[in-house]
Amino acid sequence: MEKTIEIKNLYKSFGSLHVLSGVDLDVHENENVVVLGRSGTGKSVLIKIIAGLLTPDRGQVKVFGQSVADLTAKELNELRLKIGFSFQSSALYDSMTVRENLEFPLVRNLKNMTRKEIDKAVDEVIEAVGLKKTLDQMPSQLSGGQRKRIGIARTLIMNPKIMLYDEPTAGLDPITCQEINDLMNQVKEKYRTSSIIITHDLTCAKETGDRVAILFDGKFAYQGTFEEVFGNPDPRIRSFYDYNFIEPKLQN
Amino acid sequence: MNSESAKHVFSEKVDDWLMGFYDAFEFVKLVFREAFSGGFEFTEFVRQCYSIGLKSLPLISLTGFVTGYVFTKQSRPSLMEFGATSWLPSLVTIAIVRALAPLVTSLICSGKIGSGIGAELGSMKVTEQIDAMEVSAVNPIRFLVVTRVAAATITIPILSFYCALVALAGAFLNVTVNEETNVLAFLEHGFDSIVFLDIITAVVKATSFGFTIGMIGCYKGFNATNGTQGVGQAANSSVVLSMFLIFIEELFIVQVANWFR
């Protein structure tokens, strides 16, 4: 399968804090890659570099064969139209209704669209996330799970080829987490996206990830299927597993 | 010299201050570049003009009227001592047109608009809304900053003009309570001493104050960090810094205007 994202020897520091120290990762077409790691290990930094929000100190990130660092502002914006970014905080525009939030990327980027076409696109994505009744509400009136789903819907409206999810299930109850996991799998099937999913939630990793990669000390220590990675006896991996799944602990 | 101080060119504080100055300069450069690189967000600009201009009218009306009335009332005893109360319309008109209207409008707007812009953009920054805009291929500088700075730069001179009218109405009310006069006589007497340079200076001042308020609010908002505390700091420092700069600009513009008198 074709590679959509290629990351080679990526370094990023903030002052004296070395966050990424030689990260390598490939993501293939229609593949979900889950990135796990402790807080502060640079998982969000990694996807922000892919989206061109942060600049790496060293190394290369290629998206659809284009080196992100070498793109002009115009080329970067063209590339960004193919990338959907779901933020940890959902990042819905507070001053706009849900409908205006969903329309925003369309209206700003495709200025020749008619009102009818915009409404049709909005209806399609809001139905995909199952929240049609919230269209005229303000973001402040939505629950955490609804905000996440609207945030994902806003990215889907541009038909992205790559989805970057930053902690999609953080702070949600288990039932809503399951709904978000199902939604991410539906997005993959329906829109044929490649995704990087940043999470601490191993249930999310197991349900959505075709491949799991674990960041330790600024680089990926292990990559493979969920079973391969968590079959590893490395105590650092076991500590992840034991915390997330109480049952093995109780049996021990 | 220890290793800690060797890291700084001057001292930590001076270096931070200079870096802040450089960052602000780079930000202004970026805003100008985006403003003149095509694709002006006209709808958002109109929305900001409405938010900055129309919504400030009640506050400007009240403060302008009170300023004109009180200034006239306070000036009367001094002029009476010299038997020069007939000069009152000229005195207050000069004061209002040259200084009070642009200054009062800008100080009110730096409190109302500058803090609003700083808090709004600061909140968008810390909740990643600005990043979300950027990854949606929408240029946040062009959409959020250029529109707000342009709206403040254009709206505040108009508000200043309106403030001058309202302040003159307040002054007239005070004059008419004490002397027998009418509006035409008051205005004729008042504007006798006003020259074209006064009007130009007032417009330049108000435009410059408007630009400062918009730019400082946006800069502080865009650089907000540390969550909700950072939003409060952005709003607060927008007001303090823009007020400080308004007085510096007032001093500078008055000096330059005096060279042409």
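**Figure 1. The contact between chain B and chain A.** In this predicted model, the contact takes 10 residues from chain B and 15 residues from chain A. Sorted by class, the side of chain B that touches chain A has 4 nonpolar, 3 polar and 3 charged residues.

**Figure 2. The hairpin of strands E1 and E2 in chain A.** Strand E1 (residues 3-14) of chain A pairs with strand E2 (residues 17-28) of chain A in the antiparallel sense, over 9 bridges. Two cross-strand positions may be located in this view: A:Lys3 stands opposite A:His28 in E2(A), and A:Tyr11 stands opposite A:Ser21 in E2(A). Together E1(A) and E2(A) form a hairpin with 2 residues between them. In the turn, A:Gly15 has a positive phi of about 65°.

**Figure 3. The open sheet of chain A.** Strands of a sheet pair through backbone hydrogen bonds, either parallel or antiparallel. In chain A, an open sheet of 4 strands follows the order E2-E1-E4-E5, with antiparallel pairing. The edges are formed by E2 and strand E5 (66-67) of chain A; each has a single partner strand, so one side of each is left without a neighbour in the sheet.

**Figure 4. Helix H4 of chain A and its two sides.** Helix H4 (residues 115-128) of chain A has 14 residues, which at 1.5 Å a residue should span 20 Å; the end C-alpha atoms are 20 Å apart, in agreement with this expectation. A:Ala121, A:Val122, A:Val125 and A:Ile126 are the buried residues of H4(A). Seen down the helix axis, the buried residues of H4(A) fall within an arc of 125°, and therefore they line one face of the helix. These buried residues pack against helix H3 (98-109) and helix H5 (144-156) of chain A. On the other side of H4(A), the exposed residues A:Lys116, A:Glu117, A:Lys120 and A:Glu127 are found. Just after H4(A), A:Gly130 takes a positive phi of about 65°.

**Figure 5. Annotated transmembrane regions of chain B.** According to the unreviewed UniProt entry, the annotation "transmembrane region" covers residues 52-71, 91-109, 149-173, 193-219 and 239-260 of chain B. Two of these spans are described here. Residues 52-71 of chain B are 80% helix and 0% strand, and the end C-alpha atoms of this span lie 26 Å apart. Residues 149-173 of chain B are 100% helix and 0% strand, with end C-alpha atoms that lie 36 Å apart.

How values were computed:
Residues are numbered from 1 along each chain as its sequence is written. Chains are lettered from A and ligands numbered from 1 in the order in which they are written. This is a predicted model: local features need pLDDT of at least 70, side-chain atom pairs count only at pLDDT 80 or more; totals for chains, interfaces and linings use all residues. Two residues are in contact if their C-beta atoms, placed from the backbone, lie within 7 Å. Ala, Val, Leu, Ile, Met, Phe, Trp, Tyr, Cys and Pro count as nonpolar, Asp, Glu, Lys and Arg as charged, and the others, Gly among them, as polar. Two strands pair if DSSP finds at least two bridges between them. UniProt positions are given in the numbering used here, feature names are shortened, and annotations may be inferred rather than shown by experiment. The expected span of a helix is 1.5 Å times one less than its number of residues. A residue is buried if 20 or more other C-beta atoms lie within 10 Å of its own, exposed if 12 or fewer, and partly exposed in between; C-beta atoms are placed from the backbone. The arc is that of the directions from the helix axis to the C-beta atoms.
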